[in-house]
Amino acid sequence: MSNSTAKIKKTVWSVVKYVSLFLGAFISVLPVVVCVITAFKSPEEYRSTNVMTLPESWTYLENFIQAWQQANMGLAFRNSLIILVFVLCGSIMTGSMIAYVLNRFKFPGNGLVRNLFLFASLLPGIAMQVSVYQIMYSLGWINFLPGYIIMMCGTDIISIYIFIQFFENIPTSLDESAIMDGCTYFGVFFRILLPLLKPAIVTVMILKGVGVYNEYYTANLYLQNKNLYVTVATSLFKFTGPLGNQYNYICAGVIITMIPALLIFILCQKQIYSGLTQGAVKG
């Protein structure tokens, strides 16, 4: 009786597990499927059919052409690429250097600084936007791309802790040997430790890059001139208005913005998986 009861429980648990996985996958994939279907519908077809009705022709590309031209997505991709390159370089350098100092040097207030970083990560970013906007306005960095890049390079708490955890797995004997051979602290960091941080750097690039690429609120707030400083996240705002939203163009634009990220993932998935597993925070 006990064996049969155990088998029944195991079967029920397996059914519940696979059903929940199926529902989770269905909920995750459904918006993408709807977006793809809508992107290939003409305006008339979109107005006369529901979202799950397949388009009459999968070769209808007018939505993609209109989305690219009207949303000025060429300029948006260029601006987003510039922002991504400088923000990632700045965030990686500042985050790794701060982590190097906090991990390798013991000084009064080291624990306090770490706790302050942890406390800052608990504060919602939206709660500090008033003071941040006043600072940006006083510096004249509204509608100023370099100013926006500097703001986005602000201290990333999660990145700092990822680098700290990775530094803890690197023996200090490497530092001591290099210093005994006459290497400076900067030389130790740039020549020895930084090359060993590649997995952590990949992890930080994924987390920070996805956030910057998809960032809409701050880009819309500080880059108000949409004709000159449009980004990928704000470019599709042109298809929204008080009289309604043109979702067939929006979905086509969404697919266009997904293509670069999808290509990078396909080409670099080995490095991405390796970075996430080796550079993750360990307990």
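I take a cavity to be a set of grid points where a 1.4 Å probe fits but cannot get out, and its lining residues to be those with an atom within 4 Å of a point. The model I examined is predicted.

**Entry 1. Cavities**

I looked up the enclosed spaces and found two cavities of 30 Å³ or more. The largest cavity contains about 70 Å³ of space. I then listed its lining, which consists of Ser-80, Ile-83, Tyr-148, Val-212, Tyr-213, Glu-215, Ala-219, Thr-231, Val-232 and Ala-233. Helix H4 (73–104), helix H11 (198–213) and helix H13 (232–235) are the elements that each give two or more residues to this lining. Sorted by character, the lining of the largest cavity has seven nonpolar residues, two polar and one charged.

**Entry 2. Overall form**

I turned next to the chain as a whole. I recorded 15 helices and zero strands in the protein chain. Its radius of gyration is 24 Å, whereas the globule rule gives 19 Å for 283 residues; the value is well over the rule, so the chain is more spread out than a compact globule. I noted that the C-alpha trace spans about 75 × 75 × 35 Å along its principal axes.

How much of the chain is buried? I found that buried residues make up 34% of the 283 residues. I also checked the sequence range of the contacts: among those between residues at least 6 apart in sequence, 70% join residues at least 24 apart.

**Entry 3. The salt bridge**

I searched for salt bridges and found one in the structure. Arg-104 pairs with Asp-175, and their closest N and O atoms are 2.8 Å apart. Arg-104 belongs to helix H4 and Asp-175 to helix H9 (residues 173–180), so the pair ties together parts that are 71 residues apart in sequence. Are these two residues buried or exposed? I found both Arg-104 and Asp-175 to be buried.

**Entry 4. Helix positions**

In helix H9 I also looked up Ser-177. Ser-177 counts as partly exposed, at 40% relative accessibility. I set Ser-177 against Thr-53: the two are 124 residues apart in sequence, and their C-alpha atoms are 67 Å apart in space.

In helix H4 I looked up Ile-82. Ile-82 has a relative accessible area of 30% and is partly exposed. Which residues does Ile-82 touch, not counting those up to four places away in sequence? I recorded Leu-145 and Ile-149 as its contacts. Between Ile-82 and Leu-145 the C-alpha to C-alpha distance is 9.3 Å, with 63 residues separating them in sequence.

**Entry 5. Positive phi**

I went on to the backbone angles. Most residues other than glycine have a negative phi. Asn-72 is not a glycine, yet I read a positive phi of about 55° for it. Asn-72 sits in the loop between helix H3 (62–70) and H4. At 31% relative accessibility, Asn-72 counts as partly exposed.

Asn-143, a residue other than glycine, also has a positive phi, near 60°. I located Asn-143 in the loop between helix H6 (129–138) and helix H7 (145–152). Its relative accessibility of 27% places Asn-143 among the partly exposed residues.

**Entry 6. Two further loop residues**

I looked up Ser-42, which lies in the loop between helix H1 (2–39) and helix H2 (43–48). Buried means under 20% relative accessible area. Ser-42 is at 16% relative accessibility, so it counts as buried. Leaving aside neighbours within four places in sequence, I found Ser-42 in contact with Tyr-60 and Asn-248.

Where is Asn-245 placed? I located Asn-245 in the loop between H13 and helix H14 (247–267). Asn-245 counts as partly exposed, at 32% relative accessibility. Its contacts, apart from neighbours within four places in sequence, are Phe-239, Thr-240 and Ile-250. As a last check I took the separation of Asn-245 and Leu-30, whose C-alpha atoms are 20 Å apart, with the two positions 215 residues apart along the chain.

Technical notes:
Residues are numbered from 1 along each chain as its sequence is written. This is a predicted model: local features need pLDDT of at least 70, side-chain atom pairs count only at pLDDT 80 or more; totals for chains, interfaces and linings use all residues. Side-chain values use heavy atoms; hydrogens and water are left out. On a 1 Å grid over the protein atoms alone, a cavity is a set of points where a 1.4 Å probe fits but cannot get out, and a pocket is an open set with protein on both sides within 12 Å along at least five of seven lines; lining residues have an atom within 4 Å of a point. Grid points are joined across faces, edges and corners, and a volume is the space filled by probe spheres set on the points. Helices (H or I, at least four residues) and strands (E, at least two) are DSSP runs, numbered from the N terminus. Ala, Val, Leu, Ile, Met, Phe, Trp, Tyr, Cys and Pro count as nonpolar, Asp, Glu, Lys and Arg as charged, and the others, Gly among them, as polar. A salt bridge is a side-chain nitrogen of Lys or Arg within 4 Å of a carboxyl oxygen of Asp or Glu. Buried means under 20% relative accessible area, exposed over 50%, partly exposed in between (1.4 Å probe, protein chains only). The radius of gyration is taken over C-alpha atoms; the globule rule is 2.2 Å times the number of residues to the power 0.38. Contact means heavy atoms within 4.5 Å.
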